[in-house]
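Work through the following exercises with the sequence and the model open beside you. Each task is followed by a solution that goes step by step.

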Amino acid sequence: MNGNGFGTGFEKTVGMDFPELTGDRTVVTCDITPELLQAYGIVHGGVYCSLVETAASVAGAIWYGDRGNVVGVANHTNFLRAIGSGTVTATATPIHRGRTQQLWLVTVTDDTGRDVARGEVRLTNLPAADGSSGTDDKGDKGSDAAESGEAADAGRSEGA
C-alpha cells in the first residue's frame with residue numbers, strides 16, 4: 001500500500017501509484033512491465049481500461065466524500081497509440097458532477113506526453129445509508145440533466 005491509502009488490491013497487482021489525489025483531478029501512474037503486455041508486445045487494452053476506471057472512480061469518490069459511495073456504470077476507453085514499455089500516466093478531470101451521477105474524462109499519456117488512450121467513465125453516486133442529503137459542503141445540490149429528463153428527451157428520436 002502506498003501512503004495515500006490506495007493500491008492494496010488490484011491496483012497493487014497492476015502496479016498503480018497515486019501521485020495526485022483530489023476531487024478535481026486525480027493522477028495514476030503505472031510502469032509497464034512484461035506482464036502487462038499482450039501477445040504482440042504492446043500494452044493490453046485492459047490495462048488502459050483499468051487505469052481509466054481507477055482514476056475516475058478514485059477522483060469521484062474523493063469528491064463525493066462522506067455523502068456515500070460511487071460505483072462505475074460505464075467505461076468507454078479508446079486506444080490511440082501502441083506502446084510496449086515505459087510509464088503511463090492517467091489523469092482524471094470532471095466533465096459533470098451531479099446529485100446522482102458523475103462523468104469523468106481520463107487521458108492516458110506515455111513518457112513523452114503523447115496520448116496513448118482516452119476514456120470517459122460514468123459513476124453513480126450511492127447516498128450513505130444514514131440518509132445524507134446529497135448536498136455538497138455549501139449546501140448546493142448538483143444538477144443532472146438526465147435526472148430531469150432533458151438528456152433523455154434530447155437523445156430520443158421521433159417515433160422511439
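A polar contact is a pair of N or O atoms within 3.5 Å, where within protein one must be able to donate a hydrogen and the other to accept it, and residues adjacent in sequence count only if both atoms are side-chain atoms. The model is predicted, so local features need pLDDT of at least 70 and side-chain atom pairs count only at pLDDT 80 or more, while totals for chains, interfaces and linings use all residues. Residues are numbered from 1 along each chain as its sequence is written, and side-chain values use heavy atoms, with hydrogens and water left out.

**Exercise 1.** Determine where Gln102 lies and which polar contact joins its side chain to that of Asn125.

Solution. Begin with the backbone: Gln102 belongs to strand 5 (residues 101–109), strands being DSSP runs of E with at least two residues, and helices runs of H or I with at least four, numbered from the N terminus. Next, consider accessibility: Gln102 counts as buried, at 0% relative accessibility, where buried means under 20% relative accessible area, exposed over 50% and partly exposed in between (1.4 Å probe, protein chains only). Finally, look for polar partners: a polar atom of the Gln102 side chain lies 3.4 Å from the backbone oxygen of Gly60, and a polar contact of 2.7 Å joins the side chains of Gln102 and Asn125.

**Exercise 2.** Compare the settings of Arg25 and Thr26: is Thr26 buried or exposed, and which side chain does that of Arg25 contact?

Solution. Take Arg25 to begin with, which sits in the loop between strand 1 (16–21) and strand 2 and counts as partly exposed at 36% relative accessibility. The side chain of Arg25 makes a polar contact of 3.0 Å with the side chain of Glu20. The C-alpha atoms of Arg25 and Thr91 are separated by 6.9 Å, although these residues are 66 residues apart along the chain. Then turn to Thr26, which is placed in strand 2 (residues 26–31) and is buried, with a relative accessible area of 0%; a polar atom of its side chain lies 3.0 Å from the backbone oxygen of Thr22.

**Exercise 3.** Classify the ring pair formed by Tyr48 and Phe79.

Solution. Rings of Phe, Tyr and Trp (its six-membered ring) pair if their centres lie within 6.5 Å, with planes under 30 degrees apart counted as stacked, over 60 as edge-to-face and the rest as tilted. By this rule there are two aromatic pairs. In the pair of Tyr48 and Phe79, the centres are 6.1 Å apart and the planes are at 40 degrees, so the pair is tilted. Tyr48 lies in helix 2 (residues 45–64) and Phe79 in strand 3 (residues 68–79), so the pair ties together parts that are 31 residues apart in sequence.
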